[in-house]
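Work through the exercises below with the sequence and the model at hand. Each task is followed by a solution in steps.

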2 protein chains.
Amino acid sequence: MAHLECSVCGKKFELSYLTEGHYVCDVDEANLNFIHDYEAIAKDVRENGLNREQKNNMFRYSAFLPVDSSKLAERAPAVPVGGTPLVSAPRLAKELGIPSCNLWLKDDSKNPTGSLKDRASSLLVVRMQEDGAPVITTASTGNAGAALAGMCASTPVRQKAYIFVPKTAPAAKIAQLQIFGAEVILVDGTYDDAFALCLEASSKHGWYCRNTGYNAYTAEGKKTVSLEMCEQLAHGGQFGCVHHAQFVAPDYVAVSVGDGNIITGVYKGLRDLYKAGLIEKMPKLVGVNSDKSNWCATAWKKNLTPAEMLTMEPVEANTRADSISAGIARDGINAVQAIRDTQGCFVEVDDDSILAHIKTVSQATGVFPEPAAACAAAGITKLASKGYFEGGSTVVAVMTGTGIKDIPAAVSVCGEPFVLKRREDGQFHLEDFMQ
Amino acid sequence: MAHLECSVCGKKFELSYLTEGHYVCDVDEANLNFIHDYEAIAKDVRENGLNREQKNNMFRYSAFLPVDSSKLAERAPAVPVGGTPLVSAPRLAKELGIPSCNLWLKDDSKNPTGSLKDRASSLLVVRMQEDGAPVITTASTGNAGAALAGMCASTPVRQKAYIFVPKTAPAAKIAQLQIFGAEVILVDGTYDDAFALCLEASSKHGWYCRNTGYNAYTAEGKKTVSLEMCEQLAHGGQFGCVHHAQFVAPDYVAVSVGDGNIITGVYKGLRDLYKAGLIEKMPKLVGVNSDKSNWCATAWKKNLTPAEMLTMEPVEANTRADSISAGIARDGINAVQAIRDTQGCFVEVDDDSILAHIKTVSQATGVFPEPAAACAAAGITKLASKGYFEGGSTVVAVMTGTGIKDIPAAVSVCGEPFVLKRREDGQFHLEDFMQ
């Protein structure tokens, strides 16, 4: 059985602590982390393989997840979360300056609502049904809310959700919340304002709170991205057979970082595999911050302890990459510890580079990333220029969300296309375009 | 070996006819259809299973496709096309009025660029490499162009594409063309104008022409959607093992229809399986037309022969469902013949019903369809109200494209969300939202 540990003081809690309405440590209010019985997981996977009833989605790895796997058929969303492509990207490797490396994109923009956040929300809607919660709520910069709204619409019995989003979120993300039928509260303030309002609503009305980096299940759901990439690396980019699970670790994983919860999830998935003896080494994690939302990189550079990070001031957060714009990194302590534990690094990039990399990634791979996802590629370029990556190594960049939700960002780097008009003779003339 | 047959006069052609720069019949300029050696396909699939090197994408079914399967590793797009979810939708079945049926959504919005058109473009970019074509071009209402641009960006050696699109296409679709690096010509006219310009450019510059329903490969690529849905139906919605291919046909397949090429592809996939003895019956096909773009339904109601359809006048085409707005149904003859051959039917729905079904589908399944995809669900509702579907039958509705590319359509049925503002005391008050 799993238990929980505080990310700062290390205090241990039974899982039942979470079902009693608690989310964080009762000593220092720091986030909690799941600690699993890795020997039991290893035995289960070696003897039984993966979950064959759920083989085309993230519950394929139910052995690693805190859910009642016997009830998934009646509780899991009908749309498959996870099972996303691992895309070989040799042309992009050249563009980013690591031509000798095996570069792969883990394309999580292919999740049902277009972002990696579906992994957290999928696990959460299963858990809320296990725990008998009538209503779920979250604060979101857009993607996490869309993920929750989509998963609530997709469960066998539709779940009710209230979602707090800053009014400045891209229109496409807000429309997604509505089309899936969630109750939407546009907050005329920042993500941090939305976060505080969501906590207040959760405590006042007894709603189950999905807030990222606060609810320990979010990183547990997100960790499945690492389980998948390691299985896919063992099979040339494809998924293997559920009866004989095999995993291979990359050398580096690059992830953009805002509140720190995704890289925490990536780390947990890798660590679970490592502790279970299913991969032979831990990859180095590369956390890429926007220089306009750099809580984690700042804490890492200052070499702060977990206790010091707990009281660190917010940073200014106004990057164009909305999904990673967060003044307070709600899972920053775990994120910084993940980088330290894997001897990786943080790197900061500017918005111009982030936007330019949307185009670079799209044209070299056919994967169209949102700004926050392109940020990971921008980080690779910056580190590559300093000779950071060892030649011949395997590098995975996690594409956390789709660019199709943020068309203005794409247009800003593409310009306006040519318009062919009728001439005065009423006809189109091809030569007006082709000189 | 496969050969080609004219859809009107039945004249036969060797495959080499296509590589000599021809696209349509030299007698009547009607579209050509692939006729395969079904016994050979059946033998291959029974003895060797499916393509295990390509098992997570549509080339899993390379035995059914006119491609050199030994070269797919170096020619196929790196992003996996196909392998899309088949989503069980019992709540939606109730909403649409067929509560006793097993309703599934074949969610092709999960393709790399967000639409079923990726299947055609994926096959085409492989063929253009086989045939040594330097440049490819297409006319498109948006999705087909985005698909071609994305596939050209994703091949191991990047391919060059010119794309003609009506200026009125949704902004997100135009941005996709650009971000993938295609040369974009926005035509200040209709799709039919773009189509004519593309043919002219192709003939003048020797470019390979991907035009939908003109190039016979488009329907061949799209047929993989049927191969997948039948394999998934044999395994409770999941894909089976590549070593032992199994297929089960549904009773009905509902598809929205514009130029008729998708339903033609759907039909071809089913017919291939049936002729190879891999499914036991042909499902009834249900073609759903917008009443504002109803070429196919009109030809079907008038009971026109293929030769009569060849000279049929264009209809007015101004439905809000841009992807199926086509005055001339370029593959209409095949589409109408598919409905006749399967004893299915056409049904017409209005734009209000199409838009309302975006919300209905999204809230009951977590799949967010574009207007043209929601059209298939609207057609089911209309037919169900007349008692069309036999109780207990299996119905598949093909979701041909993602709603995230057409946010204004979604907003039009959702209204504006609530905005929470600070009061004069500078604070947010939850009770301003929750009375």
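**Exercise 1. Contacts between the chains**

Find how many residue pairs are in polar contact between chain A and chain B, and describe the side of chain A that touches chain B.

Solution. Step 1: the structure is a predicted model, and pairs enter this count when both residues have pLDDT 80 or more. Between chain A and chain B the count is 38 residue pairs in polar contact. Step 2: look for the element of chain A with the largest share of the side that touches chain B. Helix α7 (residues 171-179) of chain A gives that share, with seven residues. Step 3: sort this side of chain A by class. There are 45 nonpolar, 19 polar and 18 charged residues.

**Exercise 2. Size of the interface**

State how many residues of each chain are in contact, and how much area is buried between chain A and chain B.

Solution. Step 1: count the residues. In chain A, 82 residues are in contact with 82 residues of chain B. Step 2: turn to area. The accessible area lost when the parts come together is often used to give the size of an interface. Between chain A and chain B the buried area is about 6,000 Å². Step 3: split the area by atom type. Carbon and sulfur atoms give 64% of it.

**Exercise 3. Links across the interface**

Identify a salt bridge and a strand pairing that join chain A and chain B.

Solution. Step 1: the salt bridge rule finds two across this interface. One of them joins the side chains of A:Arg422 and B:Asp193, at 3.0 Å from N to O. Step 2: search for strands that pair between the chains. Strand β8 (residues 183-187) of chain A pairs with strand β14 (residues 418-420) of chain B; the sense is parallel and there are three bridges. Step 3: name a residue pair in this pairing. A:Val187 has B:Leu420 in β14(B) as its bridge partner.

**Exercise 4. Salt bridges and burial**

Decide for each pair whether its residues are buried or partly exposed: A:Lys106 with A:Glu228, and A:Arg423 with A:Asp432.

Solution. Step 1: over all chains the count is 46 salt bridges. In the pair of A:Lys106 and A:Glu228, the closest N and O atoms are 2.8 Å apart. The residues lie 122 residues apart, A:Lys106 in strand β5 (residues 102-107) and A:Glu228 in helix α10 (residues 224-233) of chain A. Step 2: apply the cut-off, under 20% relative accessible area for buried. A:Lys106 has 0%, so it is buried. A:Glu228 is at 1%, so it is buried. Step 3: these two residues also belong to a network of salt bridges that includes A:Asp108 and A:Arg119. Step 4: take the second pair. A:Arg423 and A:Asp432 have their closest N and O atoms 2.7 Å apart. With 36% for A:Arg423 and 26% for A:Asp432, both count as partly exposed.

**Exercise 5. A sheet in chain B**

Give the strand order of the open sheet of three strands in chain B, and explain why β2 and β3 stand at the edges.

Solution. Step 1: the order is β2-β1-β3, with antiparallel pairing. Step 2: β2 (12-13) and β3 (32-35) each have a single partner strand, so one side of each is left without a neighbour in the sheet. Step 3: check one pairing. Strand β1 (residues 3-6) of chain B is joined to β2(B) by two bridges, and B:Leu4 stands opposite B:Phe13 in β2(B).

How values were computed:
Residues are numbered from 1 along each chain as its sequence is written. Chains are lettered from A and ligands numbered from 1 in the order in which they are written. This is a predicted model: local features need pLDDT of at least 70, side-chain atom pairs count only at pLDDT 80 or more; totals for chains, interfaces and linings use all residues. Side-chain values use heavy atoms; hydrogens and water are left out. Two strands pair if DSSP finds at least two bridges between them. Helices (H or I, at least four residues) and strands (E, at least two) are DSSP runs, numbered from the N terminus. A salt bridge is a side-chain nitrogen of Lys or Arg within 4 Å of a carboxyl oxygen of Asp or Glu. Buried means under 20% relative accessible area, exposed over 50%, partly exposed in between (1.4 Å probe, protein chains only). Contact means heavy atoms within 4.5 Å. Buried area is the accessible area (1.4 Å probe) that two parts lose on being put together, summed over both. A polar contact is a pair of N or O atoms within 3.5 Å; within protein, one must be able to donate a hydrogen and the other to accept it, and residues adjacent in sequence count only if both atoms are side-chain atoms. Ala, Val, Leu, Ile, Met, Phe, Trp, Tyr, Cys and Pro count as nonpolar, Asp, Glu, Lys and Arg as charged, and the others, Gly among them, as polar.
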